[in-house]
Amino acid sequence: MTVRELALDAYTRVMDEGGYSNIILNDMIGREGLPANDRGLLTKIVYGTISRRLTIHFHIRPFIRTKLKRWQRNLLDITVYQIIWLERVPNYAAINEAVDIAKKRGGPQAANAINAILRSFERKPLQSYDGIRSSTARLSIEASIPEWIISHWKTHHGMDGAREIAMALGSRPKMYIRTNTARISRAALVEKLHEEGLGAVPSEIQADAIEVGGEVLQSKFYKEGLFSIQDVSSMLVNDALAPEDGDVILDACSAPGGKGLHALEKVRDGHVDLSDIHDHKIPLIEAQAERLGLANYEAFQGDATQKDYPRQYDRIIVDAPCSGLGVIRRKPEIRYERKAEDIDSLVALQLAILSNIKNYLKPGGILVYSTCTIHQMENENVAYTFMKENEDIEFDPFTLEAFDFEGPYRQILPQEAGTDGFFIARFRKKEKQ
């Protein structure tokens, strides 16, 4: 199969069959043994088309005057993406291959339909967004983010703030790695990565983070366990947690284990329990711990809403299931899968987890609650509701130097420092009177 046939297959499996883009692409790239250039083009077309889906439909819809099959519409989507956003791909190359694919799948009539639509589209300038009267609808189309999300951001951040968030989430995400400080300093790891020819720059946002370029998963130092892949905003959970030597810590919604293992890298003579509701993910956590050369941990299955944990903890991490609106540039399909009506059930689940988890926190212990979303109901609302419903819980301030922040909770927006959108709150369990 050609790269564009693979892209059509991957795009269809994500958008029509509910697949995860990262898993489908990783499987496809591994199975096909594609050279680097083809891997890059395939990834760019699939992620780019998903990320621009609503914008693409806005531009191509006026040119569709006949009934098309689903695969034909998907083929138009990936081709229009190439024509508008991939400057190095000549229009004729994208269109000719689309026509070839259509002919192979549907015969001459299907090919003629695709050819006529794309040739007409190519001849006309892109239509302006100015004709969309509603500012919310206009930004929704421009950023390819559903209106209900834009509307929520507009309510809590204003129209300018909503635009900044939406545009930031449309940019290409930076890649970060987390130094395994149990085994190497950040400065020494940067030197080793440079020796391998990889771009590596210490981040000013978090002390263990390094911004990297290139295929770092192929680095021998990754295989030796000197670092992990993790976004820098996710690493800030450890800053709020502030683990100390000898601490016994629980990561209650752990898989794939990043935050709990980060804590384990920091504590000497301590212990971390890593628990997750999905039994099949426990071996993944154990494999990461083994790769990192970490001991003093236990990984086990547990539903955090009702699990009877084996001990009391000094510190607990609840990185709760959420709508994921802060990471839509890494998982672009999330924006279309989530619905406004999903939020209430997520809020109820998050509060149920916190309500059970707090029973296993020692008096004076620290609980850090985090999500990778930008939604007030799941973040500030949950934090305040949890504290209001539990007299033995109080907010506990923490600091994030890079954001010049001190307080009990912080919504990190993607336009602030180019990170994922993230929310972190810190609580303390009151000492018994």
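**Group meeting talk: strands, odd angles and a cavity**

Look at Leu250: its bridge partner in β6 is Asp273. That is one contact point in a predicted model, and I will start from there.

Leu250 belongs to β5, and β5 pairs with β6, residues 271-276. The two strands run in the parallel sense, with 4 bridges between them. Now, is β5 covered or not on its two faces? Both faces are covered. Val248 and Leu250 are buried on one side. Ile249 and Asp251 are buried on the other.

Next, the open sheet. Strands of a sheet pair through backbone hydrogen bonds, and the pairing can be parallel or antiparallel. This open sheet has 4 strands, and its pairing is antiparallel. The order across it is β2-β3-β1-β4. Which strands stand at the edges? They are β2, residues 200-202, and β4, residues 227-229. Each has a single partner strand, so one side of each has no neighbour in the sheet. From one strand to the next, the twist averages 35°.

Take one pair from that sheet. Strand β1 covers residues 175-179, and β3 covers 209-212. They are antiparallel and joined by 4 bridges. Find Arg178, and you will see Ala209 of β3 opposite.

Now the backbone angles. Most residues other than glycine have a negative phi, and most peptide bonds are trans. Here are some spots to check against that.

First, Ser144. What is its phi? It is near 55°, which is positive, and Ser144 is not a glycine. Ser144 sits in the loop between α7 (135-143) and α8 (147-168). Its relative accessibility is 0%, so Ser144 counts as buried.

Then Ala242. Its phi is positive too, about 45°, and again this is not a glycine. You will find Ala242 in the loop that lies between α11 (232-241) and β5. Ala242 is partly exposed, because its relative accessible area is 34%.

And the peptide bond. Which residues does a cis bond join? Ala255 and Pro256, with omega at about 5°. Pro256 has its place in the loop between β5 (248-251) and α12 (258-266).

On to empty space. Rolling a probe the size of a water molecule over the atoms shows where space is left. How many cavities of 30 Å³ or more does the structure hold? The count is 1. About 30 Å³ of space lies in the largest cavity. Its lining is made of Ser234, Met235, Val237, Asn238, Leu241, Lys259, His262 and Ile317. Two elements, α11 and α12, each give two or more residues to that lining. The most come from α11, which gives 5. Sort the lining by class and you get 4 nonpolar, 3 polar and 1 charged residues.

Last stop: helix α4, residues 53-60. How many of its 8 residues are buried? The answer is 6, and the helix is mostly covered. The buried ones are Arg53, Thr55, Ile56, Phe58, His59 and Ile60. What do they pack against? The list is α1 (3-15), α3 (36-51), α5 (70-85), α6 (91-123), α7 and α14 (334-337). Notice α7 in that list. We met α7 earlier, at one end of the loop that holds Ser144.

That is the tour. Turn the model and find Leu250 and Asp273, the bridge partners we began with.

Note on methods:
Residues are numbered from 1 along each chain as its sequence is written. This is a predicted model: local features need pLDDT of at least 70, side-chain atom pairs count only at pLDDT 80 or more; totals for chains, interfaces and linings use all residues. Side-chain values use heavy atoms; hydrogens and water are left out. Two strands pair if DSSP finds at least two bridges between them. Axes are lines fitted to C-alpha atoms, for helices over the stretch in contact, and angles run from 0 to 180 degrees between N-to-C directions. Buried means under 20% relative accessible area, exposed over 50%, partly exposed in between (1.4 Å probe, protein chains only). On a 1 Å grid over the protein atoms alone, a cavity is a set of points where a 1.4 Å probe fits but cannot get out, and a pocket is an open set with protein on both sides within 12 Å along at least five of seven lines; lining residues have an atom within 4 Å of a point. Grid points are joined across faces, edges and corners, and a volume is the space filled by probe spheres set on the points. Ala, Val, Leu, Ile, Met, Phe, Trp, Tyr, Cys and Pro count as nonpolar, Asp, Glu, Lys and Arg as charged, and the others, Gly among them, as polar. Contact means heavy atoms within 4.5 Å.
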